[in-house]
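My notebook is open and I have a fresh structure to poke around in. I'll jot down what I look up as I go.

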Amino acid sequence: MHRDLSEQGSKGEVLIVEDTPASLKLLSDLLTEAGYYVRQAPNGELALWTVQSRPPELILLDVRMPGIDGFEVCRRLKAAPATAHVPVIFLSAQHDTDDKVRGFALGGADFIAKPFQAEEILARTDAQVRLGRAQLALATERAHLEQRVRERTAELAELAASLEREVERRRANEETLRLAARVFAATQDAIVIADASGVIVATNPAFTAISGYDSGEMTGRHVSTLQTVQHNTSAYQDMMAALAGHGHWSGEMLARRKNGATFPGLLSVSTVTGADGAVENYIVVFMDITERKAEQHMIDFLSYHDALTGLPNRLLARQCFDEAQAAAQRNGQFVAVMCLDLDRFKSVNDSYGAPVGDQALQAVARFLRGCVPEGATVSRQGGDEFQIILPDDSHLSATMATAQAILAGLRDGLTMGGEAGASQHVALTTSIGIAVCPADGSTLDELLRNADTALYRAKEVGRDNYAFFTERMDADIRAKLAIQAQLRGAIARGEFEVHYQPQMCLRTGSMLGAEALLRWHNPVLGHVPPNRFIPLAEEYGLIAAIGVWVVDTVCAQIAAWQAAGLGTVKVAVNLAGSQFAHDSTVASVEQALRRHGVPPASLGLEITEGTVMGDPDKAVAALGRLKDIGVAISLDDFGTGYSSLAYLKRFPIDVLKIDKSFVDDVTTKASDAAIALSVISLAHNLNMRVIAEGVETREQVEFLAAHGCDEMQGYYFSRPLAAGAYTTLLREKRLLDLLPD
């Protein structure tokens with residue numbers, strides 16, 4: 001089948017194992033368009049059955065699947081001889097270091113995080129298929145060479161026997177002698193025939209081609225004049241002893257050509273005896289195995305080194321760690337493990353292309369090798385991740401100096417390329433996590449896990465720095481993982497609830513609407529604050545589903561209030577950054593409005609400037625479509641972010657919200673009062689309404705009302721309320737007290 005695919009021009013055969021139909025179709029279409037022959041399996045059981053008939057060249061394997069998960073599928077594949085060689089790339093929506101360690105321990109070749117990036121899928125698929133084919137070709141060639149040696153040895157043994165028979169019968173069978181002469185001349189291996197005293201009587205053309213000596217130069221000379229380079233002085237004596245005892249010897253020798261160059265050769269020496277058992281001739285046969293040695297060296301190198309940078313790979317890094325750990329224990333030292341991840345390296349590939357990205361990685365590898373002290377090991381773990389194993393003293397002075405030198409050197413920039421007129425300068429930054437043996441772990445896996453935790457913290461606090469692992473970090477990561485685990489399925493378990501905070505008119509005191517605020521109560525974690533779980537939901541790709549649920553729930557509640565005769569209540573819903581960037585957001589809002597029969601004017605969407613900064617053009621288009629269907633748009637936290645007047649001009653904003661940080665001291669600090677007044681004036685000049693949030697005191701209400709603010713929300717009037725309590729508030733029609741004391 002692989003031969004048929006090759007004849008049809010396919011780039012290779014890929015099996016995609018993914019339980020999500022949309023992701024399965026996306027990956028299948030992407031790889032098919034790229035020229036791959038794609039097979040599909042929606043679950044682990046079908047995947048294991050599929051590969052029995054014909055193993056593919058690469059498997060893209062989802063980690064989280066019902067039934068048999070991706071880790072178990074990988075374990076079974078690697079345990080089966082027919083599929084153990086097939087590379088596996090895990091597909092995961094998580095950034096869990098334990099999952100990575102587990103996946104690599106099971107034999108996984110790489111991880112690709114969801115949501116998928118087409119360029120990353122194609123680049124990593126191409127790399128693994130090319131590497132797999134190269135390894136298969138090398139293994140096939142190695143087997144072919146070994147088979148060739150065996151065949152040649154057998155041929156040579158047969159030739160030696162034939163020559164022996166021919167010498168015995170040369171006076172009686174001239175035709176056989178002529179045949180032997182043709183074989184002697186045609187064979188591609190060098191043959192030297194010497195008499196019983198060791199004097200050379202004949203050489204074949206292959207001997208001249210390999211050694212550079214003509215037959216006439218060697219005839220009449222003793223066989224010992226054949227130039228070999230013996231590293232072992234007893235090798236010649238061992239050969240002669242074998243000839244005396246068994247009549248044959250074979251082995252590798254380093255030979256020298258006429259021009260002085262040396263080459264590895266496979267040498268075979270046999271004796272030809274007469275009827276009386278006395279030696280009549282010696283037959284020396286050898287072949288040049290330079291290419292075989294080079295291929296073997298390449299195979300050995302690729303087994304322990306990264307093909308792109310030449311740095312040690314995971315396997316060799318583990319051996320280096322074991323050696324460093326043993327030496328440190330003897331010398332009373334420590335071993336630091338540093339995990340490096342280039343900051344936002346994807347932008348280099350996106351901006352300049354994958355070839356430039358590869359050159360940048362090669363430049364980083366050269367820089368790191370020159371930056372670490374003697375005795376340290378630099379390895380590449382894949383992608384833009386590097387690792388340094390560094391023996392150090394108890395003060396870790398070398399470790400800190402190395403980390404600082406790396407950060408400063410990358411910041412200054414590296415030169416890529418090097419050809420005339422083709423060099424390019426690029427400035428990069430990296431984040432570094434550091435774990436120390438034995439304080440942070442006694443095994444490499446423990447240290448990598450903890451260093452990765454420290455790396456995560458270094459990125460959290462701003463990137464371009466380093467952090468040492470602490471137990472507190474580990475606790476934070478475990479807490480986040482616990483939240484992540486419980487977030488999955490929280491909607492299905494009915495753990496989310498929407499609360500509503502009233503928004504009050506500062507002119508009439510009447511209730512104009514509410515802001516919808518998400519609350520989560522989990523049986524295991526209890527009440528989890530929004531500022532804890534919403535960022536994690538964004539990070540792990542769960543926010544889109546939660547956002548759809550919130551919009552649908554709010555629309556259903558608005559419809560219920562209308563049906564109860566409470567009028568049309570306007571409710572504003574917050575959109576997270578990743579949710580707003582999702583192409584289906586506008587469509588899901590439209591569907592929710594139609595499903596519940598809610599007028600679009602009763603729904604508002606709140607965004608922040610950071611929400612739309614990633615792709616302003618896309619944001620303008622999406623906001624325009626929402627505005628066209630009648631949904632109101634509010635800009636939240638204005639003044640705390642970019643505060644771009646250009647964005648206010650471009651975006652179809654209806655409402656500006658004054659952040660609570662300015663409202664808190666609006667009556668006590670002139671600067672905050674000035675900011676609040678400026679926002680009010682700016683909004684009114686742009687025909688926008690203004691809502692102040694976080695209003696908690698009578699003085700704040702009076703200040704805002706006196707200076708023209710349109711609406712307010714905050715604890716002064718009401719905390720966020722569950723739907724039932726807010727319904728009661730609607731029935732009471734309670735007003736905001738605006739009369740002066």
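**Entry 1: a buried arginine**

In which strand is Arg-39 found? I looked, and Arg-39 belongs to strand E2, which covers residues 36-41. A reminder to myself before going on: this is a predicted model.

Next I asked whether Arg-39 is buried or exposed. The relative accessible area of Arg-39 is 9%. The cut-off for buried is under 20%, so Arg-39 counts as buried.

Then I checked what the side chain of Arg-39 has for polar company. One of its polar atoms sits 3.0 Å from the backbone oxygen of Thr-50. I also pulled up the residues that Arg-39 touches, leaving out those up to four places away in sequence. Among them are Glu-13, Val-14, Leu-15 and Ile-16, and also Thr-50, Arg-54 and Pro-55.

**Entry 2: salt bridges**

How many salt bridges does the structure hold? I found 30.

I started with a pair whose members both turned up in the contact list of Arg-39. Glu-13 and Arg-54 join their side chains in a salt bridge, with 2.8 Å from N to O. Which parts of the chain does this pair tie together? Glu-13 is in strand E1 (residues 12-17), while Arg-54 is in the loop between helix H3 (44-53) and strand E3 (58-62), so the bridge ties together parts that are 41 residues apart in sequence. Glu-13 has 0% relative accessibility, so I wrote it down as buried.

My second pair was Asp-29 and Lys-25, whose side chains meet in a salt bridge at 2.6 Å, N to O. Both residues are in helix H2 (residues 21-33), and because they are four residues apart there, about one helical turn separates them. I looked up their accessibility too. Asp-29 is partly exposed at 30%, whereas Lys-25 is exposed at 53%.

My third pair was Arg-75 and Glu-72. Their closest N and O atoms are 2.6 Å apart, in a salt bridge. This time the helix is H4 (residues 70-79), and the two residues are three apart, which again comes to about one helical turn. Why would residues with that spacing be able to meet? An α-helix has 3.6 residues a turn, so residues three or four places apart point the same way. For accessibility, I noted Arg-75 as partly exposed at 41% and Glu-72 as partly exposed at 23%.

Some salt bridges share partners: Glu-515, Glu-606, Lys-657 and Glu-693 are joined into one network that way.

**Entry 3: helix H19**

I wanted to check a helix from end to end, and I picked H19 (residues 543-563). How far does H19 reach from its first C-alpha to its last? With 21 residues, H19 reaches 30 Å, close to the 30 Å expected at 1.5 Å a residue.

I also listed which of its residues are buried. They include Ile-543, Ile-546, Val-550, Val-554, Cys-555, Ile-558 and Trp-561. What comes after the helix? H19 is followed by Gly-565, and the phi of Gly-565 is positive, near 80 degrees.

**Entry 4: rings**

A search for aromatic pairs over the whole structure gave me 11. I zoomed in on Phe-496 and Trp-520, a tilted pair with 5.9 Å centre to centre and 45 degrees between the planes. Phe-496 lies in strand E19 (residues 496-505) and Trp-520 in strand E20 (residues 511-522), so this pair ties together parts that are 24 residues apart in sequence. Phe-496 and Trp-520 are both buried.

Trp-520 pairs with Phe-533 as well, edge-to-face, at 5.4 Å centre to centre with 75 degrees between the planes. Phe-533 is in helix H18 (residues 530-539), and it is 13 residues from Trp-520. Like Trp-520, Phe-533 is buried.

I found a ring cluster too, made of Phe-71, Phe-90, Phe-104 and Phe-111.

**Entry 5: the whole chain**

Last, I stepped back for the totals. I counted 28 helices and 28 strands in the chain. Of its 741 residues, 45% are buried. Of the contacts with a separation of 6 or more, 61% are between residues 24 or more positions apart. The accessible surface comes to about 35400 Å², and 54% of that belongs to carbon and sulfur atoms.

Methods: Residues are numbered from 1 along each chain as its sequence is written. This is a predicted model: local features need pLDDT of at least 70, side-chain atom pairs count only at pLDDT 80 or more; totals for chains, interfaces and linings use all residues. Side-chain values use heavy atoms; hydrogens and water are left out. Buried means under 20% relative accessible area, exposed over 50%, partly exposed in between (1.4 Å probe, protein chains only). A polar contact is a pair of N or O atoms within 3.5 Å; within protein, one must be able to donate a hydrogen and the other to accept it, and residues adjacent in sequence count only if both atoms are side-chain atoms. Contact means heavy atoms within 4.5 Å. A salt bridge is a side-chain nitrogen of Lys or Arg within 4 Å of a carboxyl oxygen of Asp or Glu. The expected span of a helix is 1.5 Å times one less than its number of residues. Accessible areas come from the Shrake-Rupley method with a 1.4 Å probe; for residues, only the protein chains shown count as cover. Rings of Phe, Tyr and Trp (its six-membered ring) pair if their centres lie within 6.5 Å; planes under 30 degrees apart count as stacked, over 60 as edge-to-face and the rest as tilted.
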